[in-house]
Amino acid sequence: MTTAVTTAVTTAVQNDDDAMPPPPPPTSAPTDLGFGRVVAQQVRGRFLSQTGAPTSKKYGLGAQRAARFYLSALNTNWTSFFAWLIGILLLMNGCFALAYVALGDGALQGVESLKLDDPFLRAFSFSVGVFTTTGTAAMHAVGTTANWLVVFESLVGPLTLVAASGLLIARLTRPRMNIRFSESAIIAPYEGGRGLMFRMVNVSPSELSDVQVRINLALFEEVDGKRERNFHQLALERNSVEFFTLHWTVVHPITADSPLAGVTPEKLAKAEAEVLVLANAHEETFSTRVTARTSYLWDEVRWDVKWASIFASGPEGVLAIDVDRLDRMERLEEGATSRPAASERGAATVA
């Protein structure tokens, strides 16, 4: 499920041993994540799609069709890429073939050797030879208009093939992180209380290391009698792993200090909550950092469930997982996690 943008974060450290960097802000401190606090209050719906694509739009930049086509060609799957590529090439050759046919039977000579009765197939075969510069054998154009058409196609064809080859090379050499996130997040039992959890797995053959995850919660809260949207960074059980060879269950413990303390399904729906997930990792094939994003709306959070085991039997005791089990859950008794845990009592709860 998933599209990647290379992100580099560099921290400058002073050489003076006595100089200490300022402490980081509390993990629950509200922020706007770059959306702007005023604008964020007016947004309805989600900030990120499940594939991680931003839902925001920018006007005043024109259609940007060429740039959007290029990005779509890079991000689409291989089946769609080759289907569109072959379809466009056939369509262009078909248009040139129709143009040759429209010039009449005398526009192309030397077609007898093809033993084709259909004028369109003869013209199409000639067009492919000109378009790809592979040659047309005994066939040749006759007349001024037909030869000008050959000249035009002999320029358009190689340029199109060069552009197609460039797209193919760009796809092959583009570093990316193919992360599959679980379809839903869950509120499950965790160390005597509750935790917000989701699972992720690397479905690409390439190896990832130093994987880091940040989770932000966007929700409406009552502040001084006013309903406003705030953003909170959620503290995680662990926010990084060195090796990502299997899967990772990312957990935010819901404690008394958590922005989700005391949350219930009704409160989460009233707050129109959205969990924003950003993962970045070191991709070892291209030795660069890559990112992946997703989000979960309040109605994509499941309650009174826990994750089912994803592990499978491997040969000779080797650790193995079954990716098809990524979204499997086990049902718990009603109220097991849809009611606040005792460890959350006395905390400021979700509005």
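Trainee: In this predicted model, at roughly what angle do the axes of α3 and α5 cross, and are the two helices parallel or antiparallel?

Mentor: Two packed helices are described by the angle between their axes and the distance between the axes. In this predicted model, the axes of α3 and α5 come within 11 Å and cross at roughly 175°. Angles over 145 degrees count as roughly antiparallel, and therefore α3 and α5 are roughly antiparallel to each other.

Trainee: How many residues of the contact of α3 with α5 are nonpolar?

Mentor: The residues of this contact fall into three groups, of which 2 are polar and 2 are charged. The remaining group, the nonpolar one, holds 19.

Trainee: Which elements are included in what covers the buried residues of α4?

Mentor: Helix α4 runs over residues 119-131, and its reach of 18 Å from first C-alpha to last is close to the 18 Å expected at 1.5 Å a residue. Its buried residues are R122, A123, F126, S127, G129, V130 and F131. What covers these residues includes the helices α3 (78-102) and α5 (144-173), together with the strands β2 (108-109) and β3 (140-141).

Trainee: Which residue has a side-chain oxygen that reaches the backbone nitrogen of F120, and which residue just after α4 takes a positive phi?

Mentor: At the start of α4, the backbone nitrogen of F120 has a side-chain oxygen within 3.0 Å, and that oxygen belongs to D118. Just after α4, a positive phi of about 60° is found at T133. The residues asked for are thus D118 at the start and, just after the helix, T133.

Trainee: Is E274 buried or exposed, and which side chain does its own side chain contact?

Mentor: E274 is found in strand β11, which covers residues 274-283. Because its relative accessible area is 2%, E274 is buried. A polar contact of 3.0 Å joins the side chain of E274 to that of S295.

Trainee: What are the phi values of E191 and D224, and are these residues buried or exposed?

Mentor: Most residues other than glycine have a negative phi. E191, in the loop between β5 (185-190) and β6 (193-202), has a positive phi of about 50° although it is not a glycine, and because its relative accessible area is 72%, E191 is exposed. D224 lies in the loop between β7 (208-223) and β8 (226-234), and with a relative accessible area of 78% D224 is exposed. Phi is therefore positive at two exposed residues, about 50° for E191 and near 55° for D224.

Note on methods: Residues numbered from 1 in each chain as written. Predicted model: local features only at pLDDT ≥ 70, side-chain atom pairs only at ≥ 80, totals over all residues. Heavy atoms only, no water. Helix = DSSP H or I, 4+ residues; strand = E, 2+ residues; numbered from the N terminus. Expected span 1.5 Å × (residues − 1). Buried < 20%, exposed > 50% of the residue type's maximum accessible area, 1.4 Å probe, protein only. Contact = heavy atoms within 4.5 Å. Polar contact = N/O pair within 3.5 Å; in protein donor to acceptor, adjacent residues only side chain to side chain. Axes fitted to C-alpha atoms, helices over the stretch in contact; angles between N-to-C directions. Parallel < 35°, antiparallel > 145°, perpendicular 65-115°, else oblique. Nonpolar A, V, L, I, M, F, W, Y, C, P; charged D, E, K, R; others polar.
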